[in-house]
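Student: Please take a close look at one part of this model and then place that part within the chain as a whole. I would like the reasoning spelled out for each residue you discuss, with the values that support it.

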Amino acid sequence: SRQKKSVPTHAPERFEQFWQAYPGGGSRLKCVNMRACRNASADYGVVEREIITALRSWLEGYRVRIEAAGFAQDVAEQKALQAQHSAELARLERQLDNAFDLVEQGVYTLEVFQARREKLNASIDREKAQRDRARAAAERLESAQSFQSRLVPQTEQLLESYEQMTNQERNELLKAVLKRIEYKKGADGRIEIDLYPRLPQL
């Protein structure tokens, strides 16, 4: 199978190590190290159009997924868990304070107090860990929601205004929405494009 070639996003000046001019034929993408890459050379304009077509298709599918999923409910659930664990943590800490009072009053023996303190400290540590996990999950979801709210408009702007943009503007927006692009072209001339969007990590 042909090895996919990873290329930087996107403007022509970003492709300097991969393309070269052919007499009478404009610019083409071509591997500079043929031992490491067996991709056939490809017309730059053709690859560019395939990238935009693939990006348009990805955006349509991504819109459907995020409209069905969303983050608001998940954020609310994690914040409710955080509040629940915080309340339980406060209750346990009050019990620990009370245990100190009881041993000072002579109600608890030292042995009973130590056993009680050990049990309460274990519960406190557990509740702190669960509270912190819920807080971190809520923060990740909120960050993803914020990122997502920027990703879709940026991609829409790129697709709607692509032909009117300068190479620098195209490059900046493509870098904002994509981590990298891979293309593969076989001897039959067929071009395959793989996009790697900058999706939020949950």
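**A close look at helix α3 and its surroundings**

Tutor: V112 is partly exposed, since its relative accessible area is 42%, and this residue belongs to helix α3. The model is a predicted one, so every value below is computed from predicted coordinates. Although V112 and A99 are 13 residues apart along the chain, their C-alpha atoms are separated by 9.5 Å.

Further along, helix α3, which spans residues 110-161, also holds R131. With a relative accessibility of 18%, R131 counts as buried, because the limit for that class is set at under 20%. Once neighbours within four places in sequence are left aside, the contacts of R131 are Q82, H85, S86 and L89. The numbers of these four partners fall within residues 72-104, the span of helix α2. R131 in helix α3 is therefore in contact with residues of helix α2, while counting as buried at 18%.

The charge of R131 also has a partner. Side chains of opposite charge can pair when their charged atoms come close. In this model R131 forms a salt bridge with D132, and the closest N and O atoms of the pair are 3.1 Å apart. D132, in turn, is joined to R135 by a salt bridge in which N and O are 3.6 Å apart, a separation that qualifies because the criterion is a nitrogen within 4 Å of a carboxyl oxygen. D132 and R135 are 3 residues apart in helix α3, which means that about one helical turn separates them. Taken together, R131, D132 and R135 are linked in a network of salt bridges. The members of this network are not alike in exposure: R131 is buried at 18%, whereas D132 is partly exposed at 33%, and R135 is likewise partly exposed, with 33% relative accessibility.

Helix α2 has a salt bridge of its own, in which the side chains of E88 and R91 meet with 2.6 Å from N to O. As E88 and R91 are 3 residues apart in helix α2, the distance between them along the helix is about one turn. E88 is partly exposed, with a relative accessibility of 25%, and R91, at 34%, is partly exposed as well. The bridges described here are among the 4 salt bridges that a search of the whole structure finds.

Not every acidic residue in this part is paired in that way. E93, D97, D101 and E104 gather on the surface in a patch of negative charge. D101, which lies in helix α2, has a relative accessible area of 36% and is partly exposed. D101 can therefore be a patch member, because patches are made of residues with over 30% relative accessible area and no salt bridge.

Two residues from earlier in the chain show how distant stretches of sequence are placed. I52 lies in helix α1, which covers residues 44-69, and its relative accessibility of 10% makes it buried. Apart from residues up to four places away in sequence, I52 touches L159 and Y162; of these two, L159 has a number within the 110-161 span of helix α3. The C-alpha atoms of I52 and L174 are 10.0 Å apart, with these positions 122 residues apart along the chain. A42 is found in strand β4, residues 42-43, and is buried with a relative accessible area of 0%. Its C-alpha atom is separated by 9.2 Å from that of K184, 142 residues away along the chain.

The setting for all of this is a chain with 4 helices and 6 strands, whose elements run β-β-β-β-α-α-α-α-β-β from the N terminus on. Of the contacts between residues at least 6 apart in sequence, 62% join residues at least 24 apart. Buried residues, R131, I52 and A42 among them, account for 33% of the 202 residues. The chain exposes about 12400 Å², of which carbon and sulfur atoms supply 46%.

Methods:
Residues are numbered from 1 along each chain as its sequence is written. This is a predicted model: local features need pLDDT of at least 70, side-chain atom pairs count only at pLDDT 80 or more; totals for chains, interfaces and linings use all residues. Side-chain values use heavy atoms; hydrogens and water are left out. Patches are made of residues with over 30% relative accessible area and no salt bridge: like charges are joined within 9 Å, nonpolar side chains (Val, Leu, Ile, Met, Phe, Trp, Tyr) within 5 Å. Accessible areas come from the Shrake-Rupley method with a 1.4 Å probe; for residues, only the protein chains shown count as cover. Lys and Arg count as positive and Asp and Glu as negative; His and the chain ends are not counted. The place of a charge is taken as NZ of Lys, CZ of Arg, CG of Asp or CD of Glu. Helices (H or I, at least four residues) and strands (E, at least two) are DSSP runs, numbered from the N terminus. Buried means under 20% relative accessible area, exposed over 50%, partly exposed in between (1.4 Å probe, protein chains only). Contact means heavy atoms within 4.5 Å.
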